[in-house]
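Welcome to this guided tour. Keep your viewer open and follow along, selecting each part as we reach it.

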Amino acid sequence: MRRVHTVNAAARARGVRADLSLADASAICPNLLTWPHDPQQDREALDRLALWAQAVTPLTAADPPDGIWLDITGCAHLWGGEAGLMARLQARLPGARMAIADTASAAWAFARYGEPGQNDLHALPIAALGVDAATQRRLRRLGLRRIGDLAPLSRGELLAGCGADILARYDRALGRAPDAVHFLPAPTDQTVSEQHAEPLLTAAQLGGALTRLCTSLCARLTIARAGMTALTAQFYRVDMRLETLRLGFSGPTRDAAHIGKLLHNGLNQIDPGFGVEIIRLEPVLADMPDSQDDWLAPAAMDAAHTLDLLLARASLQRFAPRDSHIPERSAQRVAISAPPAPFPRPVRPRPAVLFARPAPIQVIAEWPDDPPRMILWRSQRYRVIRADGPERIGRDWWRFAPDAADTEAERMRDYYHIETSEGLRLWIFRVGIYAPERSADWFIHGVFA
Amino acid sequence: MNYTELTAISAFSFLEGASLPEELVAQAAGLGHAALGIADYNSLAGVVRAHVAAKAAGLRLLVGARLVFADAPEMICYPTDRAAWGRLCRLLSLGKGRAAKGACDLRIADLAAQAAGQILIIVPPAILDAKFNDFLDRIRGLTCDRLYLAAARRFAPDDARRLAALARLGGQYRLGLIAVNEVLYHAPERRMLQDVLRCIRLGCTLEQAGTRLEPHGERYLKPPAEMARLLAAHLDALRNQDEILHRVTFSLDQLRYEYPDEPVPAGTTPDEHLAALTWQGAARRYPETIPAAVRASIHRELALIAELDYARYFLTVDDIVRHARSLGILCQGRGSAANSAVCYALGITAVDPTEIDLLFARFISAERREPPDIDVDFEHERREEIIQYLYQRYGRARAALAATVIHFRPRSAIRAVGQVMGLAQDATAALAAQSWNPGDEIWSDPQLRDAGLDPTAPVIRHVVSLARALIGLPRHLSQHVGGFVLTRERLDETVPIGPAAMAGRSFIEWDKDDINALGMMKVDILALGMLTAIRKCFALLGIDDLAAIPREDPHVYAMLTRGDSIGVFQVESRAQMNMLPRLAPRCFYDLVIEVAIVRPGPIQGDMVHPYLRRRQGHEKVQFPAPDPAHGPPDELQRVLGRTLGVPLFQEQAMRIAIEAAHFSPDEANALRRAMATFRNIGTIQHFRTKLVGGMVQRGYPTAFAEACFRQIEGFGTYGFPESHAASFAHLVYVSAWLKCHHPAAFAAALLNAQPMGFYAPAQIISDARSHGVRIRPIDVTRSDWDCTLSDGALQLGLRLITGFRAGWAAQIMQARRPNDLASALACEIPRSALDLLAEADALRGIGLDRRRALWQIGQLDHAPTLPLFGPLTPPDGNVALPVMQTGEQVLTDYQTTGFSLRAHPLALLRRHAALAGTKPCACLATARDGSRISLAGLITVRQRPGSAKGTMFITIEDETGIANLILWPAIVASFRAVIIAATLLRAAGQVQRSAEGVVHVIIENIQDCSALIGTLDAPLARADEGPSRPAPSRPASSRPAPPRRPSPRHPRDERPLPRSRDFR
C-alpha cells in the first residue's frame, strides 16, 4: 500500500498528514498532487546543501534524511560569534531548526527535539537519542520517556535492561564518548576564493572579481609549474543557491587573459539572483613545465584559443534517432553534449536524403493503389519504370485533434519507391485513400542514393 | 469470391485485440464472409461468446487458437473434430501449467504429441531466412491433418516479393498458401484503441512506444472483394480456404457435457438411487408422517429431474454434503436451490416446504434447459478441506474452478488511457474521481468543466472517447470465488485449465456465462463465517446438530424485537438493528422478511415503508384486482398475501409478471435475468412497457402497475429470492437462540471464528459483559489459543493478542502444568513471543506486570546469565521504573489486543477540556425527540451505502454504550477530512426518535479529537521525576522554532486504537 511520505504546508492545512495511505489522502483532498518519493534525489539535494554550507565552515556533512552537520569550532568568530552565525544561517534557511552544542549528538538532539531557550538535555524525549521506533516503543512501555528517566538507573541496569546501544548513545550525548561524523572531502588545492560582505550584483562587479581571482590563480600555477585543463567557477548566492560555470580547455593553460576572456563570456549564463557573496575558482590541474610555453608556435596557440572560444559560445546540436514510424520524426535534435547514439539499421529501405518539407508533385497512377506511371516534379516529367510499394504508414493520431470529418483513413500515406527512366530513385507518397471522385495529393519526400 | 478470415484476434487476447468476439461476428456476417475463425493467443477464453453470437447471426464459426512457441514461429491451430479439440485443450493446459498465471510456455515438441487432426497455419516470421527453411523442413514430418502457410498483405514495400517467396516456399515444401489479414479489430475505427491497448500492455505512453505500434490501421475485417484485390496475384490462397472449411467439422455444439459418474448400487439407475435417498431423507425429516403436500412436491420434482436427466447432478452435490457432514463441517445450501423439496429431503438445504411456499420453477424448469446451479455455504475456516476433497476425488484433470472475467470499469479505463496518452497526473485523478448514475453519460462536458478540464482540448477529447470505448473490454481472467466445474471425462479435454495466483488452485478459461451456455454443471463452494461460529459454539455446549435447537422460542423473538442483536447473523448491522424494533418479529416467517427487507433492492423500490405501515396497522392491506373479465379477484392475494401486498422477493416479482401481466415463462425468465444482471445497463426498461401495459390491459389501475414496475426495477441485483432469505433466516434464528440462552459460549465462538461479522472483538466483548457474562483476561497460565468457558465465565484466549501465533500457544499449552505457574514458559517460544505476552499483560498470572516483564525479558538479550523465571521470582527491587498509570494501561491494551477490560478510553478522557459539555451515549435512551445533544466516542463503524445517495452512517462507542449518527451529504462533504482520519469524534446534533424507540442523532458538527488518545499515556507531573543531571548544552537560537515536523513513528503509535470497520 502506498503511503504519504511528506506533505507541504498547503496540504497539511487541508488535513493531509504523513503516514496516511494514499487512498485516504486522496479522499480527504481530492485534488492532491502526488509524486513518487525519490530518496536518491533527496539525498543529492541534501549533499548539495551540505556543499553550499561550506561557505561557512570547511567541515560539513549531510545527515540524511533531512539535516546537515556543521563543525563550527574556530569559525564562529568569523561570522560575528555563534549568535551571528545562527542568525545568518537562519536568514538563509528560514524553515530550518537549528541548535549548537558541544557534542554532535547533543546538537542533533536539540535541533530535532528541543524548544528554543531550552538547554537541558535530560528534558528531551528518548527519541532525541536517535533510537529507532521499535526501541522507542519498548522504552516507552518501560516508562522511560525522557532522557532524564535514564539518569536514576545505574550503568549496569541500563546495560542489562535496555542494551548496549542505548548506553552508548546516552554516553555520546553527554559527551562521555566521542561522536563520529564523516565530513565532506576538503576542497582541492589551488582553489582561490573571494568573499564579499556586500553581495555582488552587476556583471561589472562579477567580472572584476573574476579577473582578480584569475590573475592570482594563474600566478600560483606558474609557481607550481602546472596548468589547468578545466576550471569550475562557483558563485554562492545569498539565497543558498549555488551557480556553477564550467570551462574546458583544449590543452593545459595558465594564460590569465585567455581564461579571463572565457570566464567573462560565460557570465551570461550565470544568474546572480539577489547577489553573490562568495566566488570560488577550482581548477583541474595538469603538469605544464615552463618550456612548453616557449616551443608552442603562436599560431597553434591561437588555434587552440579559437577552438575554446567557439565551443564555449556556440550551442552545437547533433541528430539522434527517435523511435517512430513517421519518417520525418524518426530523427531528433539533441545538444552536442548528449552521449552519441547510433542510428539503428532501418528495417525498411529509407532514402539517403529526406526533404524537410515534402514537395507536391503531379502523378498519373491507376486507381486505387497502383504505383504511378509518370510523375511531374518541378515542371519536369519523369517516366517510372520500376516501383515498390505501397508502404502504408498511418498518422500518429494522438498528436492531432480528433475530427469526425477528417478520418485517419484520409490522413495515412502510401509510400512508393520508384525508379525513373533516367535512373533516379525517388521516394514519393500519396495522402489518403484514392477515391475516384476526389483527386489525391501526391508528394515527393526523398531521394535514394 | 468467398472469403473467410482465419486469423481474427479478439479482445480475449488480453491487451492486444480491440474488438469483442460478438463484434467480430457481427461484422463478418455483415460483410458477407463465408465463415469466421477466431484464434486468440494461446487461449480459448472467448470462443463460447463467439459461438453464441454466431449462432444468433447465422454465421459459421471456426474455433481455434494462435499458438505462440518459445522455439518456433507462431501457428494457428484449428481442430477438425472433437478429439482434436481435446488435444488442443490438453496442449494449452500443458503450456499454462508450466508458466505463471496468465502466461503459457509451449515448445514445438509439445505440439508434435497433440498434432493429430489439427489444421495448422504457419505464420511466417518477418524475415524469411535459412532458419525458417530449416523449420519448414522439420515441420513437414508432423502428423497433423493439414499444414499451410499464412499469406498476408502487410503493406510493406516488399509485399509482392515476399508473397512470391512464400509461394515458392509453399511449392518447395508442398504447403498451400492461406489468405489472411491478421485481424486485430473489426473495423478501422478501432485502430486507435488497439494502439492504446498495446501501450497499456507495454507499460509506456504512445510517444514512447514508437515502432512497437502497428505502422498502419489495415488490420480489420475487409470485404471479400477487397481481399481478392489485395491478393490478386495469389488467388489460390483464397481458394485454399475452402479446403479448411471443408475439413473442419468441429463446432462447440459437439461438446456434450457428461456429469461425473456417481457410484450407484448395482442394478439401480441414478434416478432410482436418487429417489431412494430422497425418501430416506424425507422420512428422517418428518419422523411421523410425510405431509401430503410435501409428498406431492417430491414426486413432481423427481419426475422433472428424471425427464431432464439431472439425477447425477443431485447425487454429486449430495455426495459433497455427506462428506462435509462426515468431517463435522456445517454446511447449508442457499439461493434458488432452497426451493427444492428434494434438496430439503437430502439435507442439502434447510428450508422446510411446509413453512415456505417453494417455487421449484425458480430453480429448474423444463423450458429453461439450463443446468441447475446449487450454491452451498460451508464453514469459512474449513472450506479448503472441501475444495481439496473435490480435487482429490475427481483429480486435477476433472475438477477445476470457473473463471471470472475482469473487465475495464470506468475508473480503471480512464486511468489506463490517461497514462498512455501522457495526460497530467492530476487531470487523470480528477477524471477518475468522478461518479455518475447508471444511465447518465460518463464524463459529459459539464462534468469535465466542473473538474477543471477543458472538454474541447484535443487530448481530453481523445482520452474521453477512448476510455468510453475501453469500458467493458476484458482485462484479464481471474478465478471465480467458489464455482467448481466437475466432469466425467477429462476436463482438460473440453477446455484449457491454467494455474491461479493462489497455490494449489487451477481454473478453466470459461466463466459462468460460458458454462451455462454450453450446459455444463457448476457447484458453488462458498464460505460463511457464521457457520464456523455456530459449530464452535456447538462444540463448547455439546450440541450435535442444527436440528437440536428448539424452534420458535418466544424469548429469542423478544430479544430480537429489543434490537439486541450484536453478533446475530444478518441482523446485527446498524440498519437491521433499527429495523428490528419496527418490524418486531414474532415468528419464523417474520425473520425471513427481516432478512430480505433491509437490502438496497427493497429500499430503492420503496417497499419498506408500505410494508411497515401495513404491518403496524396504519394502512389497510388491500390487493388491487384485475377486471373480472380477465382474472379472479384474489389473483394478487395468492402472490402477495404473506407479505401484506408488498412484493419483497424476487419470486413475487416474477409471479406478478407471469400472473398479472401474463408474461410467458420465457419472458419471465428473461425478466429474471435482466433483474439479476450485474450492473444492468438499462435492459430492464424493455420490460417496462410489457409489464405495465399488460397489467393495465387486464384492468389494473395504472398507478399500481407503475408502482409494481418501480419495485421490480429496484430489485436490480439486490433482491433476495424467498428461499434464500428462508435459508438465511434459519441461521438467524439459531445464532439468536445461542446468544439468548448461552451468551458466554456464543461470544467465545464469535471471537474464535474471527475474522467475520460486523463487529470487532472489542464490541463483542463489551456486549457480552453488558449481558452479565463474566470475562477473564488473557493469562498465560490459564488461556488456550481459543477462547474457552471456565466456570461459566468467558476465558479469553491467546489468539486475541495481535501477532501471536497458534504454534506458540500450542507449545505453551503443552508445557503448562496445573499447579506450577511458571511452567507455562518452560518452552521454546522465541523472544518476540515473550515480548507480545508481556506487552499484552498476559504474564500477571506469574506475578509479572507489564513493565517488570518487559524489563526482565529485555535482560534475556543483554544479560543472559541473569535468572529469569524461577518460581515466583520476587520483582527486582532495585530497578526504578515508573508505575504504569491506568490511561497508559488502557492504551496499551488496545494496542496489543484491540480491546481493554479495565476501562473504556472515553471514561478516562471525559474530564478533558476538549470534551466539556458532552453527554454519555446512554443518555440517548431517554433523550427527547428534537432535542440537541453533544456526544463523544470512538468510531467503530462507518457506512456509506450505495442506496443512500451520499448519506453516511457512523457508529460511535463510549463507556456507556453506542450511538448511531447520521450525516447528510453536505455535512460529509464539509467534514470529509475529519471523517476519514479520525478515531475519536466529538459530535453535536439533533436527536431523532422513532415511535418504536429507535434513536439516531442527525449531526450538524463534528470535531476530530483523536489527539486526546495520545494524552492517555502522558507522563506524570515533573515534580515526580528523578533529579536531572546537568548536561552540556548551549542556548538555542532565540527565534521561535518553526512547527516541528514529526519524525516517522511506528504506525501503531500513530493509530493506537484499532481502525473502525468500514462498509459501503
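Let's begin where the two chains meet. Between chain B and chain A, 22 residue pairs are in polar contact, counting pairs with both residues at pLDDT 80 or more. That cut-off applies here since this is a predicted model. On the side of chain B that touches chain A, select helix 38 of chain B, residues 850-862: with seven residues, this helix gives the most to that side.

Stay at the interface and colour the residues in contact. You should find 80 residues of chain B touching 80 residues of chain A. The area buried between the two chains is about 7,400 Å², and carbon and sulfur atoms give 52% of that area.

How many salt bridges does the rule find across the interface of chain B and chain A? The number is eight. For a salt bridge to look at, select Arg141(A) and Glu839(B), whose closest N and O atoms are 3.0 Å apart.

Next, show chain A and pick helix 3, residues 39-52. This helix has 14 residues and reaches 20 Å from its first C-alpha to its last, close to the 20 Å expected at 1.5 Å a residue. Turn your view so that you look down its axis: the buried residues of helix 3 of chain A fall within an arc of 155°, so they line one face of the helix. Those buried residues are Leu46(A), Ala50(A) and Trp52(A). Now look at the face turned away from them, which carries the exposed residues Gln41(A) and Arg48(A).

What covers the buried residues of helix 3 of chain A? Select strand 1 (60-63), strand 2 (67-70), helix 4 (81-92) and strand 4 (226-237) of chain A, which are included in that cover.

Now move over to chain B and view the whole chain. Chain B holds 44 helices and 23 strands. Of its 1064 residues, 57% are buried. Among contacts in chain B between residues at least 6 apart in sequence, 72% join residues at least 24 apart.

For the last stop, zoom in on helix 27 of chain B, residues 608-615. Six of its eight residues are buried, so helix 27 is largely enclosed by the rest of the structure. To see the buried ones, select Val608(B), Pro610(B), Tyr611(B), Leu612(B), Arg614(B) and Arg615(B). Then step along the chain to Gly617(B), just after helix 27, where phi is positive at about 85°.

Note on methods: Residues are numbered from 1 along each chain as its sequence is written. Chains are lettered from A and ligands numbered from 1 in the order in which they are written. This is a predicted model: local features need pLDDT of at least 70, side-chain atom pairs count only at pLDDT 80 or more; totals for chains, interfaces and linings use all residues. Side-chain values use heavy atoms; hydrogens and water are left out. Helices (H or I, at least four residues) and strands (E, at least two) are DSSP runs, numbered from the N terminus. The expected span of a helix is 1.5 Å times one less than its number of residues. Buried means under 20% relative accessible area, exposed over 50%, partly exposed in between (1.4 Å probe, protein chains only). The arc is that of the directions from the helix axis to the C-beta atoms. Contact means heavy atoms within 4.5 Å. Buried area is the accessible area (1.4 Å probe) that two parts lose on being put together, summed over both. A salt bridge is a side-chain nitrogen of Lys or Arg within 4 Å of a carboxyl oxygen of Asp or Glu. A polar contact is a pair of N or O atoms within 3.5 Å; within protein, one must be able to donate a hydrogen and the other to accept it, and residues adjacent in sequence count only if both atoms are side-chain atoms.
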